[in-house]
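Please work through the following exercises with the sequence and the coordinates at hand. Each task is followed by a stepwise solution.

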Amino acid sequence: MTTFFEFGLTHDVTKALSNMGFEEATPIQEQTIKVSLERKDLIGQAQTGTGKTAAFGVPLVEHVDTESGDIQGLVLAPTRELAVQVAEELNRIGEFKGVQALPVYGGQDIQQQIKALKRKPQIVVATPGRFMDHMRRKTIRLHSINMVVLDEADEMLNMGFVEDIELILGEIPDQRQTLLFSATMPKKIQHLAQKFMNDPQTIAIKPKELAINNIEQEYIEVQEKKKFDVLNRLIDIHSPELAIVFGRTKRRVDELAEGLNRRGYSAEGTHGDLTQAKRDAVLRKFKNKTIDVLVATDVAARGLDISGVTHVFNFDIPQDPESYVHRIGRTGRAGKTGMAITFVTPREITHLKTIEEVTKRNIPRRAIPTFSEAIEGQQRIAVEKLLHIVEHENHQEYRVMAEQLLDDTDSVTLVSAALKSLTKEPDTTPVNLTGEAPVRVRKNQKNDHKKKDHKHRGGKGGGRGPRRNNERNNERGKQRGPVDFKKKRKN
Ligand SMILES: Nc1ncnc2c1ncn2[C@@H]1O[C@H](COP(=O)(O)OP(=O)(O)OP(=O)(O)O)[C@@H](O)[C@H]1O
Ligand SMILES: [Mg+2]
């Protein structure tokens, strides 16, 4: 085990890390920080939730010259939420050194961003589309950027950001360091790496499986129409601290969130059609545990680090194995355990097999939980609540009342009634969701994955497959505008 002291970091940075509770480096941090500190290019791959942010964040902050107010570091990330989260982590690492990281993303008032940029952050964390906007407007200065990080590079390619990324990298001085991080690294990343990186070293922390071991994985074969009731039962049985439910489309997410609320759960949905303010508010409520269930499209699959997420439900099976890995990776982070349950309709079983093959993991099948299991789950919670009060809370002022009640009613009847009133019995309010067509495995998908080549999922011009209509390309669509940058970085 390596402690952060062994990297020879400045006192300000080690102090910040220790304030954050980081004492020992995680394996990806241990192996990449040294290389990055020597200003070498690298590709870093490690499972979800294993500390890739600090793996690039520490050298990024360490390299900043605080005497200068120029932008020296750029992180590109696929979603706005992720840009905000990464900037927050960089600000924590840079707290004592006085390093400022600014998130810059679409959906936020650009004038505000221009003002914030004038306050001279040394690091900018941006989504590619908005960064391009600032480049076009010349409101961001690129000449002194000497370190670029692509977080979740493969997802940015999936979203069709490849041209933007190429244009951005083409505009940033060649004498820079370029780092690329993700839990999944399909082959097509190689093209980007070859073109824009300088002899990068690949550091992959590769356990046997792609997905993390501390996530218990299961699937349930269930018909489309029954999924919602089954989800309710599972929530009742497992009573997650926080749960994320992934749906395939925006409509699905809206309907699921509404349905869950009608059944008495505290849930809200997030997807790319909501305003940024709404998306931020929903995420904040989830982080504060004001709501227990976040319903989301794949917009929340990548990188989000929310403590307390004990369960991930794939209400709709994800389109591709990488998405599966990232979705379930929202739980079981930083050494904690978690559970991921995937719904598979009978026609989607082949698709599940592909996921199992790529993730090199057998996902066991679980039977559909019964109505009575759901009630038992809730009863167990009621008992726990009651016992917690018995042991840990003051109930002195209820004693007289209890004794009076016991004069007329026997104790078993009374405790049973108390338990009933504490139990959330399954709600059968009718909820009808619009049916979703099953995910179709395209003919070549299985073989493509066998070859470990993911060309079929490429960005522009590549095979598009079923992804065309999903969330990610819409995000991209919104942020595009005319492009007039010609200069390309030469090797
Ligand atoms: N050295 C460390 N010691 C303790 N906790 C750490 C350390 N490094 C990171 N963490 C914590 O681990 C959690 C996961 O880190 P992070 O979000 O960087 O993971 P990731 O590898 O980027 O995952 P993903 O692939 O999902 O993006 C965070 O809560 C972070 O604060
Ligand atoms: Mg990450």
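The exercises below concern a predicted model.

**Exercise 1. Domains and their contact**

Determine how the protein chain is divided into domains, and characterise the side of domain 1 that touches domain 2.

Solution.
- Step 1. The chain separates into domain 1 (4-207 + 472-477) and domain 2 (209-444).
- Step 2. Between the C-alpha centres of domain 1 and domain 2 there are 33 Å.
- Step 3. Contact involves 23 residues of domain 1 and 23 residues of domain 2.
- Step 4. On the domain 1 side, at least two residues each come from helix 4 (80-93), helix 7 (153-158) and helix 19 (471-479). Helix 4 provides the largest share, four residues.
- Step 5. Sorted by class, this side of domain 1 holds six nonpolar, nine polar and eight charged residues.

**Exercise 2. The shell around ligand 1**

Identify which residues are closest to ligand 1 and which domains contribute to its shell.

Solution.
- Step 1. Ligand 1 is surrounded by 20 residues, of which Thr48, Gly51, Lys52, Thr53 and Ala334 are the closest.
- Step 2. Helix 3 (residues 52-63) gives the most to this shell, namely three residues.
- Step 3. The shell comprises six nonpolar, 10 polar and four charged residues.
- Step 4. Domain 1 and domain 2 each supply at least three residues to the shell.

**Exercise 3. Strand 6 and its partners**

Establish whether the residues of strand 6 are buried or exposed, and find the strands that pair with strand 6.

Solution.
- Step 1. Six of the six residues of strand 6 (residues 177-182) are buried.
- Step 2. In a regular strand, side chains alternate between the two faces of the sheet.
- Step 3. Gln177, Leu179 and Phe181 point one way from strand 6, while Thr178, Leu180 and Ser182 point the other way; all are buried.
- Step 4. Strand 1 (residues 42-45) pairs with strand 6 in the parallel sense over four bridges, with leucine 42 opposite leucine 179.
- Step 5. Strand 5 (residues 147-151) also runs parallel to strand 6, joined by five bridges; here methionine 147 stands opposite glutamine 177.

**Exercise 4. Lysine 115**

Decide whether lysine 115 is buried or exposed, and locate this residue.

Solution.
- Step 1. Lysine 115 lies in helix 5 (residues 110-118).
- Step 2. A residue counts as exposed if 12 or fewer other C-beta atoms lie within 10 Å of its own.
- Step 3. Lysine 115 has 11 other C-beta atoms within 10 Å and is therefore exposed.
- Step 4. Threonine 139 is 24 residues from lysine 115 in sequence and 9.5 Å away in space, C-alpha to C-alpha.

Notes: Residues numbered from 1 in each chain as written. Chains lettered and ligands numbered in written order. Predicted model: local features only at pLDDT ≥ 70, side-chain atom pairs only at ≥ 80, totals over all residues. Buried ≥ 20, exposed ≤ 12 C-beta atoms within 10 Å, placed from the backbone. Near = placed C-beta within 6 Å. Nonpolar A, V, L, I, M, F, W, Y, C, P; charged D, E, K, R; others polar. Domains from an automatic or database assignment. Pairing = 2+ DSSP bridges. Contact = placed C-beta atoms within 7 Å.
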